[in-house]
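This report looks at the buried parts of a protein model, beginning with one histidine and moving on to the nonpolar interior and the cysteines.

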Amino acid sequence: QNCGLSKGKKRGRGEQGIDPAKRDRDRLHVDDSEPGSKLDGIKSEIAKVEKGGLPNTEAVEKLVHLMQLYQTEQRVDLAGRVMLADVIAATESPDCLGRFVQSRGLPVLDSWLQEAHKGKSGDGSSPKEADIGRVELLLAVLRALARLPINLSALQRCPIGRNVNRLHSHKNAEIQKKSKLLVKDWKKRVDAEMKS
């Protein structure tokens with residue numbers, strides 16, 4: 001028994017010198033020896049919670065962690081990002097949605113929105129497929145944002161309001177409509193917050 005404890009301590013100390021992103025990948029049990037395996041690992045993680053949204057704050061933390069971890073590596077294709085945004089849109093728990101905003105999930109959604117709006121896909125698909133994927137991603141991000149309890153503080157910490165506002169001139173009519181409704185809703189929330 002004592003041997004087992006000291007091994008655990010050594011591992012803990014040994015982890016300190018390891019790159020945090022690698023340590024996080026190891027904890028997620030995602031094998032990165034195969035090129036597509038990271039994305040497969042993400043998709044399998046997402047599939048566990050996708051249907052019913054996020055069930056608890058632990059799932060929120062895990063989702064935000066996945067989003068942040070793979071955002072830097074740009075390994076998540078447009079379809080994977082749509083899946084992640086749809087998990088948020090399917091979440092009904094106010095606590096989970098609030099936790100997502102507090103857990104720095106909003107800046108990740110904002111960066112996805114900006115990339116999709118600027119026309120970056122980075123997933124090697126044809127231009128026409130990429131356009132369709134970007135429209136799907138923008139709609140998924142807008143659905144997710146509509147569910148989140150975004151208040152004045154969140155809008156001040158992240159430029160998401162300005163970036164959603166830019167979508168008013170998008171060539172897709174549904175994106176224009178949803179972005180206008182979202183900005184209108186946020187203005188109402190901020191006005192109510194300022195009055196109280």
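## Buried residues and their surroundings

In this predicted model, His170 counts as buried because its relative accessibility of 10% falls under the 20% cut-off. His170 sits in the loop that joins α10 (160-166) to α11 (173-195), and a polar atom of its side chain lies 2.9 Å from the backbone nitrogen of Asn172. When neighbours within four places in sequence are left aside, the residues in contact with His170 are His117, Val135, Leu138, Ile175 and Gln176.

The largest nonpolar core is made up of 42 residues, and Leu109, Leu145 and Leu148 are those with the most contacts inside it. At least two residues of this core come from each of α4 (57-73), α5 (78-89), α6, α7 (106-118), α8 (127-147), α10 and α11, with α8 giving the largest share, nine residues. Leu148, again without its neighbours within four places in sequence, is in contact with Ile88, Leu97, Phe100, Val101, Leu106, Leu109 and Arg189.

Among these partners of Leu148 are Leu97, Phe100 and Val101, which are buried in helix α6 (residues 94-102) together with Cys96 and Gly98. After α6 comes Arg104, which has a positive phi, near 65 degrees.

The relative accessible areas of two buried cysteines are set out here.

| Residue | Relative accessible area |
|---|---|
| Cys96 | 2% |
| Cys158 | 4% |

How many disulfides does the structure hold? The structure holds zero disulfides, a disulfide being a covalent bond between the sulfur atoms of two cysteines.

Note on methods: Residues are numbered from 1 along each chain as its sequence is written. This is a predicted model: local features need pLDDT of at least 70, side-chain atom pairs count only at pLDDT 80 or more; totals for chains, interfaces and linings use all residues. Side-chain values use heavy atoms; hydrogens and water are left out. A disulfide is a pair of cysteine sulfur atoms within 2.5 Å. Buried means under 20% relative accessible area, exposed over 50%, partly exposed in between (1.4 Å probe, protein chains only). Helices (H or I, at least four residues) and strands (E, at least two) are DSSP runs, numbered from the N terminus. A polar contact is a pair of N or O atoms within 3.5 Å; within protein, one must be able to donate a hydrogen and the other to accept it, and residues adjacent in sequence count only if both atoms are side-chain atoms. Contact means heavy atoms within 4.5 Å. A nonpolar core is a set of buried Ala, Val, Leu, Ile, Met, Phe, Trp, Tyr and Cys residues joined through side-chain atoms within 4.5 Å.
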